[in-house]
Amino acid sequence: MANTYIPPKVWTMDEENGGQWASINRPDSGARYEQELQVGQHPIQLYSMGTPNGQKVTIMLEELLAKGVKEAEYDAFLIKISESDQFGSGFVSINPNSKIPAMVDRTGDEDINVFESGNILFYLAEKFGYFLPQDIVARTQVMNWLFWLQGSAPFLGGGFGHFFAYAPEKYEYPINRFAMEAKRQLDVLDKQLAKHTYIAGEEYSIADIAIWPWYGSLALDNSYENAGEFLDVNSYKHLQRWASSIAERPAVQRGKIVNRTMGEVWVEERHSAADIDAVLNQDS
């Protein structure tokens with residue numbers, strides 16, 4: 001059946017637009033209510049949820065702690081996006097865009113607010129001197145792939161993921177359109193990883209930390225119901241090798257479960273290493 005929708009001259013919000021996030025999506029920005037954020041005792045305060053974008057930062061912080069960087073100790077407070085926590089005045093004061101994750105660095109004389117997951121990774125890498133090469137050639141390659149992820153992931157999540165898993169109805173055209181783009185992206189990564197151990201070369205970097213929660217989880221078939229089978233992720237052998245090797249890193253195993261509210265293993269909030277240890281060791 002042909003699409004009979006004719007766009008109006010001026011768009012207005014449909015209160016009955018449907019979908020999983022219909023109750024919180026609006027065309028305006030800013031705080032919707034007054035709410036102060038909790039503050040812990042560590043140098044880094046993270047306000048987030050364990051989505052792929054949130055996992056980037058908790059994995060990075062756990063990797064830094066594994067390197068012995070004590071200044072990377074952090075409190076991770078859960079922001080429940082389905083309950084509009086991201087629209088409280090406290091959160092909006094850190095990130096006017098009302099998206100997780102948002103971070104406050106309290107190590108200096110003045111607090112520094114940092115938002116956008118890619119920028120948080122860059123900030124932490126610059127601050128602590130890990131996972132971002134100083135050599136201009138190697139550094140540029142890492143930044144190439146960090147920006148690739150920031151531009152590509154919306155097609156996977158907001159595009160393919162939305163229409164495949166979350167839209168109120170399934171339509172062939174958008175699913176096919178975004179599945180094609182998702183597979184093209186998987187092919188880009190697979191061909192890059194055929195030449196290199198890690199995404200940007202032979203050293204683990206913030207490029208891997210950024211990309212793994214999105215494409216590594218998808219390659220291991222942990223993203224969206226049946227999406228891995230639908231996209232034939234097992235055919236991308238080099239991506240599979242990389243995704244599995246990153247998944248074995250202890251810091252990745254720790255970081256990926258922080259600020260989660262469901263799953264086989266999860267930690268709703270993290271205020272010390274013991275919070276994660278207790279969950280990971282409960283069956284051992």
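In which sense do strands β1 and β3 pair, and over how many bridges? In this predicted model, strand β1 (residues 44-48) and β3 are paired in the antiparallel sense, and four bridges connect them. Within this pairing, Gln45 is the residue that stands opposite Val104 of β3. On its other pairing, β3 meets strand β4 (residues 112-115), again in the antiparallel sense and over four bridges. Here the bridge partner of Val104 is Asn113 of β4. Six residues lie between β3 and β4, and the two strands form a hairpin. The side chains of β3 (residues 102-105) alternate in direction: Ala102 and Val104 point one way, Met103 and Asp105 point the other way, and all are buried.

Helix α4 (residues 136-166) was examined for its length and its course. At 1.5 Å a residue, its 31 residues should span 45 Å, and the end C-alpha atoms are 41 Å apart, which agrees with that expectation. The helix is nevertheless bent by about 35 degrees at Ser152, and a proline, Pro154, follows within four residues of the bend. At the N-terminal end of α4, Asp135 acts as a cap, with a side-chain oxygen placed 3.2 Å from the backbone nitrogen of Val137.

Charged side chains were considered next. A search of the whole structure returns nine salt bridges. One of them joins Arg270 and Glu62, with an N to O distance of 3.6 Å. Arg270 lies in the loop between α9 (250-255) and α10 (273-280), whereas Glu62 belongs to helix α1 (residues 52-66), so the pair ties together parts that are 208 residues apart in sequence. Arg270 and Glu62 are both buried.

Another salt bridge is formed by Arg139 and Glu126, whose closest N and O atoms are 2.5 Å apart. This pair links distant parts of the chain, with Arg139 in helix α4 and Glu126 in helix α3 (residues 117-128), 13 residues apart. Arg139 counts as buried because its relative accessibility is 16%, under the 20% limit for that class. Glu126, at 41% relative accessibility, counts as partly exposed.

Arg254 and Asp277 also form a salt bridge, with 2.7 Å between the closest N and O atoms. Since Arg254 is part of helix α9 and Asp277 part of helix α10, the pair ties together parts that are 23 residues apart in sequence. Arg254 counts as buried at 17% relative accessibility, while Asp277 is partly exposed, with a relative accessible area of 28%. Through shared partners, salt bridges join Glu62, Glu73, Arg254, Arg270 and Asp277 into one network.

Helix α9 also contains Val252. With a relative accessible area of 1%, Val252 is buried. Apart from residues up to four places away in sequence, Val252 touches Ile59, Glu63, Tyr204, Trp212, Ile246 and Ala247. The C-alpha atoms of Val252 and Pro213 are 9.3 Å apart in space, although 39 residues separate the two in sequence.

How values were computed: Residues are numbered from 1 along each chain as its sequence is written. This is a predicted model: local features need pLDDT of at least 70, side-chain atom pairs count only at pLDDT 80 or more; totals for chains, interfaces and linings use all residues. Side-chain values use heavy atoms; hydrogens and water are left out. Buried means under 20% relative accessible area, exposed over 50%, partly exposed in between (1.4 Å probe, protein chains only). Two strands pair if DSSP finds at least two bridges between them. The expected span of a helix is 1.5 Å times one less than its number of residues. The bend at a residue is the angle between axes fitted to the seven residues ending there and the seven starting there. A polar contact is a pair of N or O atoms within 3.5 Å; within protein, one must be able to donate a hydrogen and the other to accept it, and residues adjacent in sequence count only if both atoms are side-chain atoms. A salt bridge is a side-chain nitrogen of Lys or Arg within 4 Å of a carboxyl oxygen of Asp or Glu. Contact means heavy atoms within 4.5 Å.
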